[in-house]
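Reader: Please take a close look at one part of this protein, the place where its two domains meet. Which residues and elements make up that contact, and what kind of contact is it?

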Amino acid sequence: MILKLDHLVINSHFELDNSAQLFRALGFVLTPRGYHSLGSINHLIMFADHYLELIGLPERGEPLRRELLANPPGIDGLVFASDNAESTATTLRTAGFSVQPVQRFSREVNSGGEKGEARFSTVRLAPGSFSAGRVYFCQHHTPQWVWRDEWLQPGCIQALTVVARDADETGKQYARLGDTALLQVVSLAQWQAQYGDLLPLADDRESRFACIRIGGGDTVSVVAAAERFHLPLKQQDGYLRVAIPALALVLEFNDA
């Protein structure tokens with residue numbers, strides 16, 4: 001398969017409001033809070049054909065999405081696009097992956113004085129298929145209620161860095177899913193040499209999602225937010241990098 005990015009997920013557990021405040025300060029446009037029928041809450045950062053999702057859990061109430069609590073806060077979801085969830089599930093099973101039943105859910109959307117419903121079908125690989133986090137595919141049945149003009153912003157997600165104990169083997173595992181230029185798999189030593197002064201990582205996980213590179217972005221807002229929130233910041237190799245320790249991630253901004 002040719003893998004097309006649908007979205008990346010940043011898991012905030014019960015601290016979604018704090019994450020939303022920070023990402024707004026960094027210069028991003030956030031959608032209003034959404035409420036999934038599965039029990040999670042979210043804000044989206046919308047680009048032309050993909051997005052970044054800040055997801056969390058309500059402080060009170062059931063149902064709770066237990067899989068969100070199973071992973072630590074941070075980047076915990078890599079989601080590729082699917083035109084047909086059932087066909088994608090069949091393709092993945094044929095390739096030897098363990099796949100969960102297709103899951104269908106929705107959330108209400110209010111935009112431009114109109115009310116609608118965003119509906120999705122997802123194909124999730126079995127937990128533990130990839131040690132860095134959840135990997136799945138998403139079919140949008142109502143994309144017109146996700147990509148709204150009022151929320152679109154310039155820029156795009158250019159890369160996702162995976163830090164792995166065995167970078168070569170981990171890269172091969174992702175390659176079994178299909179072709180994508182999105183992923184950059186590096187060793188822990190490579191991470192520490194390039195990013196360790198901003199966000200040193202412990203050797204306590206087989207692999208993890210650690211850095212999102214974004215093309216474009218308001219670098220003036222990034223610098224101001226880093227100073228306001230006391231976040232590590234560095235200009236290096238043509239990129240502006242800011243670490244968010246509470247979410248164990250680095251955002252890397254490329255003006256190109």
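Author: What follows describes the interface between the domains, then one residue and some charged pairs.

This is a predicted model, in which local features need pLDDT of at least 70 and side-chain atom pairs count only at pLDDT 80 or more, while totals for chains, interfaces and linings use all residues. Residues are numbered from 1 along each chain as its sequence is written, and side-chain values use heavy atoms, with hydrogens and water left out.

The domain assignment gives domain 1 (5-151) and domain 2 (156-254); such bounds come from an automatic or database assignment. Taken over C-alpha atoms, the centres of domain 1 and domain 2 are 20 Å apart. Contact (heavy atoms within 4.5 Å) involves 37 residues of domain 1 and 34 residues of domain 2. Between them the domains bury about 2800 Å², 78% of it on carbon and sulfur atoms; buried area is the accessible area (1.4 Å probe) that two parts lose on being put together, summed over both. Leu26, Ile75 and Ala132 supply 22% of the area that domain 1 buries against domain 2, more than any other three residues.

The rule for salt bridges (a side-chain nitrogen of Lys or Arg within 4 Å of a carboxyl oxygen of Asp or Glu) finds zero across this interface. Five residue pairs, both at pLDDT 80 or more, are in polar contact between the domains. That term means a pair of N or O atoms within 3.5 Å; within protein, one must be able to donate a hydrogen and the other to accept it, and residues adjacent in sequence count only if both atoms are side-chain atoms.

On the side of domain 1 that touches domain 2, the elements giving two or more residues include helix H1 (16-25), strand E5 (74-81) and strand E8 (134-140). Helices (H or I, at least four residues) and strands (E, at least two) are DSSP runs, numbered from the N terminus. E5 gives the largest share, six residues.

In domain 2, Leu160 is found in strand E9 (residues 156-164). Leu160 counts as buried because its relative accessibility is 0% (buried is under 20%, exposed over 50%, partly exposed in between; 1.4 Å probe, protein chains only). Beyond its neighbours within four places in sequence, Leu160 is in contact with residues including Leu8, Ile75 and Leu78.

Strand E5 also holds Asp76, which forms a salt bridge with Arg134 of strand E8, so the pair ties together parts that are 58 residues apart in sequence. Their closest N and O atoms are 3.1 Å apart, and both Arg134 and Asp76 are buried.
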